[in-house]
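I opened this entry to keep track of what I looked up in one structure. The notes go element by element.

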Amino acid sequence: MSLTQTVERTALYKLIDYVDEDPEARIPKIMDAIDKYTPANVFPTQRAAFRAAIDSRSNWYELILKAFHLNPEVRRRLLKALIVDANILAWPEQEKAREKYRCNIPWAILLDPTSACNLRCTGCWAAEYGHALNLSFEDICSIIDQGRELGCHIYIYTGGEPLVRKDDLIRICEKYPDCVFLCFTNATLIDEAFCQDMIRVANFVPAISAEGNEHTTDARRGDGTYAKIERAMDLLREHELPFGISACWTRANADAIATEENMDWMIEKGALFCWYFHFMPVGRAASAELMPTPEQRERMYRFVREMRGKKPLFTMDFQNDGEYVGGCIAGGRRYLHINAAGDVEPCVFIHYANANIHEVSLLDALRSPLFMKYYEGQPFNTNHLRPCPMLENPDDLPRMVAQTGAHSTDLVEKESPEELREKTAPAAAAWAPVAERLWTDEADPEHAKRTSWREGQAETDVSRLERLGRDLTTQPEPEL
């Protein structure tokens, strides 16, 4: 860390301590101080949104206050790692690496500590993987060491059920206090002892997979799972610990998920955020019949935006919110995925790779052929309601795999990208006219922003596209 960064870090740490002493009185002053120590090009849109939320005392302000009312042994250390180390100081380092290496550099790295899982949930391929594959403690530390060199301080555990390895995961939190670790978990292994571990390390945040409805949850995850999830949430809330929800929405449960009642349930339970994931028919055994209909997807699009204006809960819909991040974020542009066998995949839903972390460095994996096709091709569509090269642009993934010689990384039964395309193409065709109608709706509050292709793009995205000769105003589809 440079001397300038050390000074900035110290000042920003002191700012968080200062605000934490009297949040309601001092939060209004926080953005002025952050602006003082942060370059103008670092998260300008997000900072403006936070300032507006504070000034208006909106539902987002209420959410900010919640963060300052977490367990006092946790909140200062967590906020310092999340706000300062993992974002304000990390982003400029990532941007420098993107320019230096001319490839995508991730904001977050997803990895599977294990293929093991104690549940067998419908719509999740992890239960088929068995218990044989694991990234060792040393493997994970090597990934983090390499990631930190590139400016990445956010690590997200998927699986399998990561908490099968909870002792190792806590050891990793202790080793890297300047990183934040988010964990997608079924929550059935969260107990009193683990809550105490979370308090001790402060930089571990569960994202509990839940749909907020006993019938729907148990039907997909097994009898009694809903009760265990609620108990875990109650424990976390009682200890004032941060957590959120991860909701996979399917044709079967979309109408139950997109309700204000479900939103209120999450808030009442103490959740701070909810990640919404569109069901992906990945794996030869996965059926396209669970994919939401265009009508359900439009309803979710409108529902999430309505709730953002009313509820103190941070929500992100990873298919319908592409406009806020400039389209597809996979392929290392903002994140990548490393499975329990070490395969470095562009996305947690894209099971193809050219590289394995046991054989190449993280940087070499980011410069592997498939990742470079992502780098050259993003965004895959200028309508950011159609961001994905698999789900909404189904011809793109088979083409990239063929051009790069990438192989299937499915740990059970290999699925060709052409087989996957057969499942996603009908849904893509059905969604395209709806997405076009929504995207071009002049009455939409976001419409004015959509007239500029630079919305949601980082400075290095802009320079990349210019260097590649891609003018998105005249060339909507990339030549891969």
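The entries below start with the sheet, follow its strands, and end with the helices.

**Entry 1: the sheet**

I noted before anything else that this is a predicted model. I then looked up the strand order. The sheet is open and is formed by 10 strands in the order S7-S6-S5-S4-S3-S2-S1-S8-S9-S11, with mixed pairing. S7 and S11 (355–356) stand at the edges with a single partner strand each, so one side of each has no neighbour in the sheet.

**Entry 2: strand S1**

I took S1, residues 108–111, and checked where its side chains go. Ala108 and Leu110 point one way, Ile109 and Leu111 point the other way, and all are buried. I looked up the partners on either side. S1 runs parallel to S2, joined by four bridges, and Ala108 has Ile154 in S2 as its bridge partner. S1 also pairs with S8 in the parallel sense, again over four bridges. In that pairing I found Leu111 opposite Ile338 of S8.

**Entry 3: strand S3**

How many residues of S3 are buried? I counted six of the six in residues 180–185, so S3 is largely enclosed by the rest of the structure. Val180, Leu182 and Phe184 point one way, while Phe181, Cys183 and Thr185 point the other way.

I went through the neighbours next. S2 (residues 154–157) runs parallel to S3, with four bridges between them. S3 and S4 (residues 204–209) also run parallel, and here five bridges join them. Cys183 turned up in both pairings: Tyr157 stands opposite Cys183, and Cys183 stands opposite Pro206 in S4. I also wrote down Phe181, which stands opposite Phe204 in S4.

I checked the connections for handedness. S2, helix H9 (residues 166–175) and S3 make a β-α-β unit that is right-handed. S3, helix H10 (residues 192–201) and S4 make a right-handed β-α-β unit as well.

**Entry 4: Gly244 in strand S5**

I picked out Gly244, which is found in S5. Is Gly244 buried or exposed? Its relative accessibility is 0%; buried means under 20%, and Gly244 therefore counts as buried.

I listed what Gly244 touches, leaving out residues up to four places away in sequence: Pro206, Ala207, Ile208, Ala271, Leu272 and Phe273. For Leu272 I also took the separation. Gly244 and Leu272 are 28 residues apart in sequence, and their C-alpha atoms are 5.3 Å apart in space.

**Entry 5: strand S6**

I moved to S6, residues 273–278, where six of six residues are buried. Both faces of S6 are covered. Phe273, Trp275 and Phe277 lie on one side, and Cys274, Tyr276 and His278 lie on the other.

S5 (residues 244–249) pairs with S6 in the parallel sense over five bridges, and Trp249 stands opposite His278. S6 and S7 (residues 314–317) pair in the parallel sense over four bridges, and there I found Cys274 opposite Thr315. From S6 to S7 the chain crosses through helix H15 (residues 294–308), and this β-α-β crossover is right-handed.

**Entry 6: helix H17**

Why is H17, residues 369–377, described as largely enclosed by the rest of the structure? I found that seven of its nine residues are buried, so the description follows. The buried residues are Leu370, Phe371, Met372, Lys373, Tyr374, Tyr375 and Gly377.

I then looked up what these residues pack against. The strands are S8 (335–338), S9 (343–345) and S10 (352–353). The helices are H16 (362–366), H18 (396–404) and H20 (459–467).

**Entry 7: helices H6 and H7**

For a helix pair, I needed two values: two packed helices are described by the angle between their axes and the distance between the axes. H6 (residues 72–88) and H7 (residues 90–101) pack at an angle of about 15°, and their axes are 4 Å apart. Angles under 35 degrees count as roughly parallel, and H6 and H7 are therefore roughly parallel to each other.

I listed the residues in the contact. H6 gives Val84, Asp85, Ala86, Asn87 and Ile88, and H7 gives Ala90, Trp91 and Pro92. Sorted by class, the contact of H6 with H7 holds six nonpolar residues, one polar and one charged.

How values were computed
Residues are numbered from 1 along each chain as its sequence is written. This is a predicted model: local features need pLDDT of at least 70, side-chain atom pairs count only at pLDDT 80 or more; totals for chains, interfaces and linings use all residues. Side-chain values use heavy atoms; hydrogens and water are left out. Buried means under 20% relative accessible area, exposed over 50%, partly exposed in between (1.4 Å probe, protein chains only). Helices (H or I, at least four residues) and strands (E, at least two) are DSSP runs, numbered from the N terminus. Two strands pair if DSSP finds at least two bridges between them. A crossover is right-handed if, with the strands pointing away from the viewer, the path from the first strand over the helix to the second runs clockwise. Contact means heavy atoms within 4.5 Å. Axes are lines fitted to C-alpha atoms, for helices over the stretch in contact, and angles run from 0 to 180 degrees between N-to-C directions. Angles under 35 degrees count as roughly parallel, over 145 as roughly antiparallel, 65 to 115 as roughly perpendicular and the rest as oblique. Ala, Val, Leu, Ile, Met, Phe, Trp, Tyr, Cys and Pro count as nonpolar, Asp, Glu, Lys and Arg as charged, and the others, Gly among them, as polar.
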